[in-house]
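Thanks for coming. I'll take a few minutes on one structure, starting with a helix and then moving to the core.

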Amino acid sequence: MMTSTFKAKKPLKINYQPLSFQKTFHEATTPKVLLTGGLGCGKTYSLCMKMFRLMRVNRGLPGGMVGPTIKMLKRDVIPTIREICSEN
(Lines give C-alpha, C1' and ligand atoms only; values in the text may rest on other atoms or scores of the structure.)
Protein backbone atom coordinates (compact mmCIF):
# COMPACT_ATOMS: atom_id res chain seq x y z
CA MET A 1 0.00 0.00 0.00
CA MET A 2 1.29 3.42 -0.93
CA THR A 3 0.50 6.48 1.13
CA SER A 4 1.26 10.08 0.34
CA THR A 5 0.63 13.31 2.18
CA PHE A 6 0.06 16.66 0.53
CA LYS A 7 1.07 19.71 2.53
CA ALA A 8 0.00 22.98 1.00
CA LYS A 9 2.27 25.95 1.64
CA LYS A 10 -0.76 28.23 1.84
CA PRO A 11 -4.48 27.57 2.34
CA LEU A 12 -6.17 26.44 -0.85
CA LYS A 13 -9.11 28.51 -2.01
CA ILE A 14 -11.53 27.71 -4.81
CA ASN A 15 -13.60 30.52 -6.28
CA TYR A 16 -17.22 29.41 -6.09
CA GLN A 17 -20.50 31.25 -5.58
CA PRO A 18 -23.11 28.52 -5.03
CA LEU A 19 -26.74 29.09 -5.90
CA SER A 20 -29.35 28.61 -3.15
CA PHE A 21 -30.13 24.99 -4.10
CA GLN A 22 -26.40 24.27 -4.22
CA LYS A 23 -25.90 25.76 -0.73
CA THR A 24 -28.64 23.48 0.60
CA PHE A 25 -26.86 20.49 -0.97
CA HIS A 26 -23.48 21.51 0.48
CA GLU A 27 -24.86 22.12 3.96
CA ALA A 28 -26.69 18.77 4.17
CA THR A 29 -25.30 16.52 6.89
CA THR A 30 -27.36 13.40 6.24
CA PRO A 31 -25.56 10.38 4.77
CA LYS A 32 -27.74 10.41 1.65
CA VAL A 33 -28.56 13.59 -0.24
CA LEU A 34 -30.51 13.91 -3.49
CA LEU A 35 -29.71 16.76 -5.86
CA THR A 36 -31.98 17.02 -8.89
CA GLY A 37 -32.27 19.56 -11.64
CA GLY A 38 -32.37 20.12 -15.35
CA LEU A 39 -29.59 19.84 -17.88
CA GLY A 40 -26.87 22.39 -17.19
CA CYS A 41 -28.16 23.56 -13.79
CA GLY A 42 -24.89 22.74 -11.95
CA LYS A 43 -25.43 19.27 -10.48
CA THR A 44 -22.03 17.92 -11.53
CA TYR A 45 -20.27 21.13 -10.49
CA SER A 46 -21.97 20.97 -7.08
CA LEU A 47 -20.93 17.35 -6.67
CA CYS A 48 -17.31 18.17 -7.46
CA MET A 49 -17.29 21.13 -5.08
CA LYS A 50 -18.73 18.97 -2.32
CA MET A 51 -16.02 16.39 -3.07
CA PHE A 52 -13.30 19.04 -2.64
CA ARG A 53 -14.88 20.21 0.64
CA LEU A 54 -15.08 16.66 1.99
CA MET A 55 -11.47 16.06 0.96
CA ARG A 56 -10.46 19.04 3.10
CA VAL A 57 -12.67 18.09 6.06
CA ASN A 58 -11.61 14.42 5.98
CA ARG A 59 -7.98 15.01 5.05
CA GLY A 60 -5.90 11.85 5.18
CA LEU A 61 -8.88 9.48 5.00
CA PRO A 62 -9.56 7.37 1.92
CA GLY A 63 -12.47 8.39 -0.27
CA GLY A 64 -13.89 7.82 -3.68
CA MET A 65 -16.46 8.90 -6.20
CA VAL A 66 -18.75 6.55 -8.04
CA GLY A 67 -21.27 6.92 -10.81
CA PRO A 68 -23.72 4.80 -12.76
CA THR A 69 -21.06 4.07 -15.40
CA ILE A 70 -17.38 4.78 -15.94
CA LYS A 71 -18.37 6.39 -19.24
CA MET A 72 -20.47 8.99 -17.36
CA LEU A 73 -17.63 9.72 -14.93
CA LYS A 74 -15.18 10.20 -17.81
CA ARG A 75 -17.64 12.31 -19.81
CA ASP A 76 -19.01 14.54 -17.05
CA VAL A 77 -17.28 14.37 -13.67
CA ILE A 78 -13.58 14.13 -14.55
CA PRO A 79 -13.67 17.07 -17.00
CA THR A 80 -15.46 19.16 -14.36
CA ILE A 81 -12.81 18.32 -11.75
CA ARG A 82 -10.10 19.30 -14.25
CA GLU A 83 -11.94 22.55 -15.07
CA ILE A 84 -12.18 23.52 -11.41
CA CYS A 85 -8.50 22.72 -10.84
CA SER A 86 -7.34 24.65 -13.90
CA GLU A 87 -9.40 27.72 -12.95
CA ASN A 88 -8.02 27.78 -9.43
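**Helix H1 and the core**

On one side of H1, the exposed residues are Ser20, Thr24 and Glu27, exposed being over 50% relative accessible area, buried under 20% and partly exposed in between, with a 1.4 Å probe and protein chains only. This is a predicted model, where local features need pLDDT of at least 70 and side-chain atom pairs pLDDT 80 or more, while totals for chains, interfaces and linings use all residues. Numbering starts from 1 along each chain as its sequence is written, and side-chain values use heavy atoms, without hydrogens and water.

Which residues of H1, residues 20-27, are buried? Those are Gln22, Phe25 and His26. They sit on the same side of H1 because they cover an arc of only 95° around the axis, taken from the directions from the helix axis to the C-beta atoms. These buried residues pack against H2.

Overall, the protein chain has three helices and zero strands; these are DSSP runs, with helices (H or I) of at least four residues and strands (E) of at least two, numbered from the N terminus. Of its 88 residues, 18% are buried.

Now the core. The largest nonpolar core consists of eight residues: Tyr16, Cys48, Met49, Met51, Phe52, Leu73, Val77 and Ile84. Such a core is a set of buried Ala, Val, Leu, Ile, Met, Phe, Trp, Tyr and Cys residues joined through side-chain atoms within 4.5 Å. H2 (43-57) and H3 (70-87) are the elements giving two or more residues to this core, and H2 has the largest share, four residues.

Beyond neighbours within four places in sequence, Cys48 contacts Val77, Thr80, Ile81 and Ile84, contact meaning heavy atoms within 4.5 Å.
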